[in-house]
Amino acid sequence: MSWPNANLNVENRDRQPISDQRDVGDPSIDRRSLHFLLSPILLQGNMFRRKSQNHQEVDITAERDAKVKQLRDALAPLSGRSLKFCTDACLRRYLEARNWNLDKAQKMLECTLKWRSEYKPEEIRWHEVAHEGETGKVSKANFHDRKGRTVLIMRPGKQNTTSPEGNIRHLVYLMENAILNLPEGQEQMSWLIDFNGWSITTNISIKTSRDIIYILQNHYPERLAVVALYNPPKIFHAFWKVVKYFVDQKTFQKIQFVYPNDKESLELMKTFFDTENLPSEFGGKATLKYDHEEFSRLMAQDDVKTAKFWELDRGNGYETNGQVKSEADIEPKSLTAPAS
């Protein structure tokens with residue numbers, strides 16, 4: 001069988017046997033023939049593109065690794081907790097938060113180191129903030145999202161105090177705790193916010209909201225994977241219109257409004273969470289029950305982990321709720337990533 005010849009003139013074509021003639025107007029024949037002829041070329045082109053993409057990825061990785069080293073070299077000599085905090089993963093998060101701008105990332109990280117040295121978030125203990133959590137307004141979930149990330153559940157309708165500082169310290173404590181319990185290699189967590197019972201009267205002030213947003217964005221960058229605002233009432237949108245101006249673009253893109261009657265919203269939730277584990281308050285099949293006494297027991301255990309990680313434990317014992325307990329009293333779990 002002869003193949004179509006681009007240089008074949010009409011006269012020569014007419015001399016061919018009818019069975020060997022090809023109608024240049026037949027698109028199916030043209031496509032099959034062209035595909036056969038061009039397949040090796042297309043294959044080579046795809047291979048070239050893949051190699052080019054791989055080289056680009058390698059180049060970007062190498063460039064970012066160099067940026068991490070440059071950032072570390074740019075910092076003042078570190079020691080103690082600051083050194084422990086500034087892992088390579090930590091430096092990467094600060095660079096990512098500032099679009100890999102070295103100067104901006106350095107300034108941001110130095111501000112965090114100063115804040116941590118003064119605020120000492122790793123020294124906050126559950127018994128200091130337990131009263132803020134009596135209603136379960138913020139708690140660590142007993143399940144993870146689909147990527148194994150820690151999940152924090154927030155129920156602003158259960159707000160039980162009016163202390164701005166108390167609310168902030170409670171949330172900072174739970175952020176540090178959530179980070180401590182992240183699986184190895186995981187840097188982010190997920191937030192679920194249930195608006196059942198929420199009203200303007202139960203809401204924290206705009207100033208406190210702004211302060212919380214500032215701390216989260218500047219001292220815990222790239223820690224949030226997704227924030228699901230589940231079924232917020234219409235009145236919340238008025239509050240959101242003010243607060244959203246304090247939220248930077250990177251964080252803003254991670255905030256999702258989810259409504260139980262919106263199919264697209266529910267499908268979005270399924271991409272992040274297994275509905276078997278997800279509480280019914282968020283459209284899942286599980287039951288959400290907050291037991292303050294049980295949660296306090298778990299937090300006391302995690303306080304031991306925190307003290308050991310930051311090397312704050314005193315001798316062979318650890319002080320919690322005014323009592324010194326040994327490791328035999330509270331057996332800590334294995335340590336994971338630092339609260340950075």
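What volume does the largest cavity have? I put this question at the head of the page, and the value I found for the largest cavity is about 80 Å³. I note at once that I am working on a predicted model, and that the values below are computed from it.

**Entry: the cavities**

I looked for enclosed space and found that the structure holds three cavities of 30 Å³ or more. For the largest cavity I listed 12 lining residues, and those closest to its centre are Glu-122, Tyr-173, Glu-176, Asn-177 and Thr-306. I then asked which elements give two or more residues to this lining, and the result was α7, spanning 164-180, together with α12, spanning 292-309. The largest share comes from α7, which supplies four residues. Sorting the lining of the largest cavity by residue class, I obtained six nonpolar, two polar and four charged residues.

**Entry: the largest pocket**

I turned next to the open space, where the largest pocket has a volume of about 900 Å³. Its lining consists of 43 residues, and the ones closest to the centre are Trp-191, Ile-193, Ile-212, Ile-213 and Leu-216. Among the elements that each supply at least two residues to this lining I noted α7, β3 (189-194), α8 (206-219) and β4 (224-230), and the list also includes α9 (234-243) and α10 (249-252). The largest share, five residues, comes from α8. By class, the lining of the largest pocket divides into 25 nonpolar, 10 polar and eight charged residues. I marked α7 in my notes, as it appears in the lining of the largest cavity and also in that of the largest pocket.

**Entry: the chain as a whole**

I recorded 12 helices and seven strands for the protein chain. The chain has 340 residues, of which 41% count as buried. Its accessible surface comes to about 19600 Å², and carbon and sulfur atoms account for 52% of that area. Taking the contacts with a separation of 6 or more, I found that 74% of them join residues 24 or more positions apart.

**Entry: the cysteines**

How many disulfides are there in the model? The count comes to zero. I checked Cys-86 in particular, and the nearest cysteine sulfur, belonging to Cys-90, is 5.0 Å away; Cys-86 is therefore in no disulfide, since the cut-off for the pair of sulfur atoms is 2.5 Å. I also looked up accessibility: Cys-86 is buried, at a relative accessible area of 2%, whereas Cys-111 is partly exposed, at 41%.

**Entry: two single residues**

Is Ser-139 buried or exposed? I found a relative accessibility of 7%, so Ser-139 counts as buried, the limit being under 20%. Ser-139 belongs to strand β1, which runs over residues 138-144. Leaving out residues up to four places away in sequence, I listed its contacts as Val-151, Leu-152, Ile-153, Leu-174, Tyr-290 and Phe-295. Of these, I noted that Leu-174 falls within the range of α7, and that Phe-295 falls within the range of α12.

I also looked up Gln-301, which is placed in helix α12. With a relative accessible area of 21%, Gln-301 is partly exposed, because the buried class ends under 20%. Its C-alpha atom and that of Trp-126 are separated by 9.8 Å, although the two residues are 175 residues apart along the chain.

Methods. Residues are numbered from 1 along each chain as its sequence is written. This is a predicted model: local features need pLDDT of at least 70, side-chain atom pairs count only at pLDDT 80 or more; totals for chains, interfaces and linings use all residues. Side-chain values use heavy atoms; hydrogens and water are left out. Buried means under 20% relative accessible area, exposed over 50%, partly exposed in between (1.4 Å probe, protein chains only). Contact means heavy atoms within 4.5 Å. Accessible areas come from the Shrake-Rupley method with a 1.4 Å probe; for residues, only the protein chains shown count as cover. On a 1 Å grid over the protein atoms alone, a cavity is a set of points where a 1.4 Å probe fits but cannot get out, and a pocket is an open set with protein on both sides within 12 Å along at least five of seven lines; lining residues have an atom within 4 Å of a point. Grid points are joined across faces, edges and corners, and a volume is the space filled by probe spheres set on the points. Ala, Val, Leu, Ile, Met, Phe, Trp, Tyr, Cys and Pro count as nonpolar, Asp, Glu, Lys and Arg as charged, and the others, Gly among them, as polar.
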